[in-house]
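Open the model in your viewer and keep the sequence panel visible. The tour below goes from one selection to the next.

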Amino acid sequence: MNAVASIPSVRHTITVEAPRAHAFEVFTRGIDTWWFRDHSIGTEPLKEVVMEPREGGRVFERGIHGAKCDWGRVLVWEPPSRLVVSWGIGGDWQFDPDLSHASEYEVRFIEEAPDRTRVEFEHRHFERHGEAGRSIHDAVDSGWPKLLAAYAESAKTA
Amino acid sequence: MKTNLKLRVQALGDPTRMAIFERLERGPLAVGEIARSLPVTRSAVSQHLKVLKDVGLVTSQRAANRQIYQIDADGVAGLRDYFDHFWQESLQSFKHAAEKSFKEKSQ
């Protein structure tokens, strides 16, 4: 029996009161302006999050002392309407460069009015991170519990 | 959901429980079948299964007078749950950043 044949996608839709090109710009080049500071996998405190604005571009974090930690790659770069990014961080909270082990998220920017954009978000293929049991197993002796604690803390103060 | 996930991670921190969980990844089993493949007693296996069941990682059902244990597919989808919350919050943060910078730009 395969414990986790397929894990449903995470989907969210939000409306942004700004033009489509601006929303795309802030989501990509401006990722550092909205990323939560404690959502980080590096050993150093997070200094900045960078998304290189092109197909094949890297998405990574840089720590306060300069250490870089990869998160994923830009798979589809279609400004201002569509973006697909691989997510190489599994349950063990470590980056795996193998794309067949990576999930991915797609963001679609749809113009509802000149100054209003509907943003449709989907994070899919979680099963590619390996069986959930394996992920949980790895998480036991790595950073996951710590990250969850930080997450719970940030949710409280948010 | 966050608390549950943390409890699950803690439950699997015990090596014997992790071993039992890994046996069940291959398919549903009765207590005796699990005990035979591990250096622990039947009653110890039962105790560990109870912990795994309490945190929602395994379920059990009665079949032919035996209790059969299997992995709870909803319980192991913790990674997905985590990202659901993660993105919900992050997208709100993105929305605020985009709207704020647009307002500043158009002033």
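This is a predicted model. Begin with chain B and select residues 42-54, which form helix H4. H4(B) has 13 residues, and from its first C-alpha to its last it reaches 18 Å, close to the 18 Å expected at 1.5 Å a residue.

Now show side chains on this helix. B:Val45, B:His48, B:Leu49 and B:Leu52 are buried. Viewed down the axis of H4(B), these buried residues fall within an arc of 105°, so they line one face of the helix. Turn the helix over: the face away from the buried side carries B:Ser43, B:Lys50 and B:Asp54, which are exposed. Past the end of H4(B), select B:Gly56, which has a positive phi, near 85°.

Next, move to chain A and select strand S7, residues 116-124. Which of its side chains are buried, and which are not? The side chains alternate along the strand. A:Thr117, A:Val119, A:Phe121 and A:His123 point to one face and are buried. A:Arg116, A:Arg118, A:Glu120, A:Glu122 and A:Arg124 point to the other face and are not buried.

Add the strands that pair with S7(A). Strand S1 of chain A (residues 10-16) runs antiparallel to S7(A) and is joined to it by seven bridges; to find one of the paired positions, select A:Thr15, whose bridge partner in S7(A) is A:Arg118. Strand S6 of chain A (residues 103-113) is also antiparallel to S7(A), with nine bridges between them. Here A:Glu111 has A:Thr117 of S7(A) as its bridge partner. Follow the backbone from S6(A) to S7(A) and you pass through a hairpin of two residues.

From the strands, go to the largest nonpolar core, which has 24 residues. The members that touch the most others are A:Ala23, A:Val26, A:Phe27, A:Val107, A:Val119, B:Phe94 and B:Ala98. Among the elements that give two or more residues to this core are helix H1 (20-28), S6 and S7 of chain A, and helix H5 (78-106) of chain B. Centre the view on B:Phe94: leaving aside residues up to four places away in sequence, B:Phe94 touches A:Val26, A:Phe27 and A:Trp34. A second, separate core has 14 residues, including B:Leu12, B:Ile20, B:Leu49 and B:Leu57.

Finally, colour chain B by pLDDT. The mean for chain B is 83, and 85% of its residues reach 70 or more. Where pLDDT is low, the predicted coordinates should not be read in detail. For the complex, the predictor gives an ipTM of 0.74 and a pTM of 0.63.

Key. Residues numbered from 1 in each chain as written. Chains lettered and ligands numbered in written order. Predicted model: local features only at pLDDT ≥ 70, side-chain atom pairs only at ≥ 80, totals over all residues. Helix = DSSP H or I, 4+ residues; strand = E, 2+ residues; numbered from the N terminus. Expected span 1.5 Å × (residues − 1). Buried ≥ 20, exposed ≤ 12 C-beta atoms within 10 Å, placed from the backbone. Arc of directions from axis to C-beta. Pairing = 2+ DSSP bridges. pLDDT = per-residue confidence, 0-100. Core = buried A, V, L, I, M, F, W, Y, C linked by C-beta atoms within 7 Å. Contact = placed C-beta atoms within 7 Å.
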